[in-house]
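Visitor: I should like to learn how to read a structural model feature by feature. May we begin with the strands and then turn to the interior and the backbone?

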Amino acid sequence: MPLLWSMFLHSPSWGKEAPPPIPTREEIQTIVRETVAESTGPKITEEGLQLVSSHLWKVMLAGLFQAWYQWSDDAPNTTYGMTNPNAHHMFRLRRTELKLTGSFRDKLSFTVMIDPTKSLFQNQTLTDSAGNTVVAAQPRADGSILQDLVLTFRYIPYHDVAIGQMKMPTSLEGFGSSAKLAFAERAIVTRQIGERRDLGLVVTGKPIPQLHYELGIFNGEGPNAFDRGDFKDLVGRITIRPLKALHFAGWYHRGRIGDPESPNYRYGAEARATMGRFVLQGEYLRGSGGGCGTGMRCHGAYGFVSADVIKKERLGVQALGRFEFFDPDRGVGNDIRYASTLGVNLLLPDHHAKIQVNYTETEFEGPGRNHAAFLAVQFAL
């Protein structure tokens, strides 16, 4: 027994330094009072409205408001959300996102984001059993205002572990923030198969500045929905940055969807380069099921260039051009859509605002062509 006691006292892990004492109740109360006393009050920062900030915790409130005035010579124009056959132009609330974020000791953080515009009804053409049609307001397929609800842990070096409802790590344009879109709306192929929210878990790794990857497992049924089977979707994305102004990335998603469950896969590749005042960006996406439709195989691509015509601290003007195509079903002919968009962005950093004017011409492989214009006003805090 004395020998065991001597080994315990002189072991490398215990003999050199005694473990720290457990703080008393009074000491804990003192730490809390000092933390509250040093906490700063609300103030506006580049990240949003800072509600509370101290060396222990930080709570932020951010928002994104986007209002559109849009016109199309073809009604309905479902490509851009104009579902009423009698409406060629209209005002529209595109997004009203409110996001609350918080962190504790930079090791644990949460995100809650809602979008009340998701609850707005859309006009749709309905047909009864006798073949009569009527236009009526109907709820959206996903009418829940909850967008993100995420808890993130940062206890593993160079890695984050997030669990909850979030965007799948897929395409550059779809995975990125809506507040930072170059154009008023994402490309057609991105909206169809490159942007999706779901419930699951994602591990993000940044071992070196030139390498960034995400690995995720999801239910596969979309946002605000329970899983319908035991099969889980797998998603992987890897980004390589050989230079600070240049990056390449690829991603792959494999899973099942629906009841009974049917195969659902998507993948894509992207590149982005910044050269002085110019930005070049392009993506190719391909998939089956999901956004393509059951049993359908779709693909598409887009490329754009933007130029900073004026780049000052309080004012910025950008000129942009984008070309894209989308084939909703590679097994069917004469259904490809080609679209060309020209745009001008007015940036007002002091007011956290952006005004975008876009003009799009869409041409169908079969007979048909339409034009659409957008005036988008954005306020992001």
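Guide: Let us start with one pair of facing residues: glycine 321 has leucine 342 of strand E18 as its bridge partner. Please bear in mind that this is a predicted model.

Visitor: In which sense do E17 and strand E18 pair, and over how many bridges?

Guide: The pairing of E17 with E18 (residues 337–348) is antiparallel and extends over eleven bridges.

Visitor: How many bridges join strand E16 to E17?

Guide: Twelve bridges connect E16 (residues 297–311) with E17, and these two strands are also antiparallel. One of the facing pairs sets histidine 299 against aspartate 327 in E17. Four residues lie between E16 and E17, and the two strands form a hairpin.

Visitor: Why is E17 described as largely enclosed by the rest of the structure?

Guide: The term "buried" applies to a residue with under 20% relative accessible area. Strand E17 (residues 316–327) has twelve residues, and nine of them are buried, so the strand is largely enclosed by the rest of the structure.

Visitor: What are the corresponding figures for the protein chain as a whole?

Guide: Of its 381 residues, 37% count as buried. The chain contains four helices and 20 strands. Among its contacts with a separation of 6 or more, 49% are between residues 24 or more positions apart. Its exposed area is about 21300 Å², of which carbon and sulfur atoms supply 63%.

Visitor: How is empty space in the interior recognised?

Guide: Rolling a probe the size of a water molecule over the atoms reveals where empty space is left. Here the count is one cavity of 30 Å³ or more, and the volume of the largest cavity is about 40 Å³.

Visitor: Which residues line the largest cavity?

Guide: The lining consists of Tyr80, Ala184, Glu185, Arg322, Thr341, Asn358, Thr360 and Phe374. By class, three of the lining residues are nonpolar, three are polar and two are charged.

Visitor: What should one look for in the backbone angles?

Guide: Most residues other than glycine have a negative phi. Arginine 105, however, has a positive phi near 55°, and aspartate 106 has a positive phi of about 60°. Arginine 105 lies in the loop between strand E4 (89–104) and strand E5 (108–114); aspartate 106 is likewise placed in the loop between E4 and E5.

Visitor: Is aspartate 106 buried or exposed?

Guide: The cut-off for "exposed" is over 50% relative accessible area. Aspartate 106 has a relative accessibility of 61% and therefore counts as exposed.

Note on methods. Residues numbered from 1 in each chain as written. Predicted model: local features only at pLDDT ≥ 70, side-chain atom pairs only at ≥ 80, totals over all residues. Heavy atoms only, no water. Buried < 20%, exposed > 50% of the residue type's maximum accessible area, 1.4 Å probe, protein only. Pairing = 2+ DSSP bridges. Contact = heavy atoms within 4.5 Å. Areas by Shrake-Rupley, 256 points an atom, 1.4 Å probe, with all protein chains shown as cover. 1 Å grid on protein atoms, 1.4 Å probe; cavity = no way out; pocket = protein on both sides within 12 Å on 5 of 7 lines; lining within 4 Å. Points joined across faces, edges and corners; volume = space filled by probe spheres on them. Nonpolar A, V, L, I, M, F, W, Y, C, P; charged D, E, K, R; others polar.
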